[in-house]
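Let's take a walk through this model together, one piece at a time. Keep the viewer open as you read.

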Amino acid sequence: MSKNNKIFVSCTDANHFCDKNQYKEATFWEKVKLNIHLIYCKACRKYSTTNNKLTKLVKNPKVISIDQSTKDMMKEQLKKKMSEG
Amino acid sequence: MSINTINPDTWVDKYSDYLFNFTIVRVNDKEIAQDLVQETFFAGLKSMKNFKGEASERTWLISILKRKIIDHYRKINSNKGKAEVRINYTSDGETEGDWLEERVADPFDQNAESEIENKELGVAIHNCIGKLPEKQAQIFKMKTIEGFDTEAICNVFDITASNLWVIIHRARTAMAECLEKNWF
């Protein structure tokens, strides 16, 4: 924390912490700094809100994707068909 | 001159999730949806010559998929599937059989259809992912939907962690903007 011990961070850093936080990878200290930044920075508050919303949407169980093994199988079958045709 | 070209090698990576989400809200069964997507790819392959390049590849595949879904409902309504499902739906004699019109015809109502499409979250999200540059899309998907570690992704793509976060940041900004337009 020698270099990064400032309480007030730039917007770039704040956004970086916010992104990290979406994946629960921000450290405690980073979260504190992010929240202090959000108190006085309107733009980052907005970014933070949409970012949270996005995470919530993507986590929605209705959003599903085909798992990789099935995809590989599909690819293989498609290749087979292609060589037949 | 055709602007849109066709390339079946990339189909599964690029469109399968989008098509899958499109299908799942209509057939409500994972296995069937996967089969239908697969059949769509096959059908696309077969009629590749007919692709004029007027529409984008994805639009074209969706139009095939729609036909496949309709076929699927025709099939299950034509024989014993009919009897099986009817029992579950309602048991009093009066309304028996009514479900066929309600349930099956509705999703294919042409006027409502385009309206409905954008309101389906999974479709909307994969639609937006499809608009991202390829590398961003891949990394965003791995990180956010499939939940890989930062380190693992860095190794696969041979990039540094701060590099990854920049990509994620750009992807998230673009995604938020895209969803803002199409979903919120």
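**A guided look at the two chains**

Start at the N terminus of chain B and follow its elements along: they run α-α-α-α-α-α-α-α-α-α. In other words, chain B has 10 helices and 0 strands. Do bear in mind that this is a predicted model.

Chain B has 184 residues, and 24% of them are buried. How do its contacts spread along the sequence? If you take the contacts in chain B between residues at least 6 apart in sequence, 63% join residues at least 24 apart.

Now zoom in on one pair of helices in chain B. Two packed helices are described by the angle between their axes and the distance between the axes. Here, helix H2 (residues 30-46) of chain B packs with helix H3 (residues 57-78) of chain B at an angle of about 125°, and their axes are 9 Å apart. An angle over 145 degrees would count as roughly antiparallel, and 65 to 115 as roughly perpendicular; H2(B) and H3(B) are therefore oblique to each other. The crossing in which H2(B) passes H3(B) is right-handed.

Which residues meet where H2(B) and H3(B) come together? From H2(B) come Ile32(B), Leu36(B), Glu39(B), Thr40(B), Ala43(B) and Gly44(B), and they meet Leu61(B), Ile64(B), Leu65(B), Lys68(B), Ile69(B) and His72(B) of H3(B). Sorted by class, this contact has 7 nonpolar, 3 polar and 2 charged residues.

Next, turn to the place where the chains touch. There, 27 residues of chain B are in contact with 26 residues of chain A. On the chain B side, at least two residues each are supplied by helix H1 (11-27), H2, helix H7 (121-131), helix H8 (134-145) and helix H10 (161-182). The residues on this side of chain B divide into 16 nonpolar, 8 polar and 3 charged.

Finally, cross over to chain A and find its helix H2, which spans residues 28-40. Its buried residues are Lys33(A), Leu34(A) and His37(A). Looking down the axis of H2(A), you will find these buried residues within an arc of 100°, so they line one face of the helix. What do they pack against? The partners of the buried residues of H2(A) are helix H1 (11-22) and helix H3 (42-59) of chain A. Rotate to the face of H2(A) turned away from the buried side, and you will come to the exposed residues Phe28(A) and Ile39(A).

Methods: Residues are numbered from 1 along each chain as its sequence is written. Chains are lettered from A and ligands numbered from 1 in the order in which they are written. This is a predicted model: local features need pLDDT of at least 70, side-chain atom pairs count only at pLDDT 80 or more; totals for chains, interfaces and linings use all residues. A residue is buried if 20 or more other C-beta atoms lie within 10 Å of its own, exposed if 12 or fewer, and partly exposed in between; C-beta atoms are placed from the backbone. Helices (H or I, at least four residues) and strands (E, at least two) are DSSP runs, numbered from the N terminus. The arc is that of the directions from the helix axis to the C-beta atoms. Two residues are in contact if their C-beta atoms, placed from the backbone, lie within 7 Å. Axes are lines fitted to C-alpha atoms, for helices over the stretch in contact, and angles run from 0 to 180 degrees between N-to-C directions. Angles under 35 degrees count as roughly parallel, over 145 as roughly antiparallel, 65 to 115 as roughly perpendicular and the rest as oblique. A crossing is left-handed if the near helix is turned anticlockwise from the far one by less than a right angle, and right-handed if clockwise. Ala, Val, Leu, Ile, Met, Phe, Trp, Tyr, Cys and Pro count as nonpolar, Asp, Glu, Lys and Arg as charged, and the others, Gly among them, as polar.
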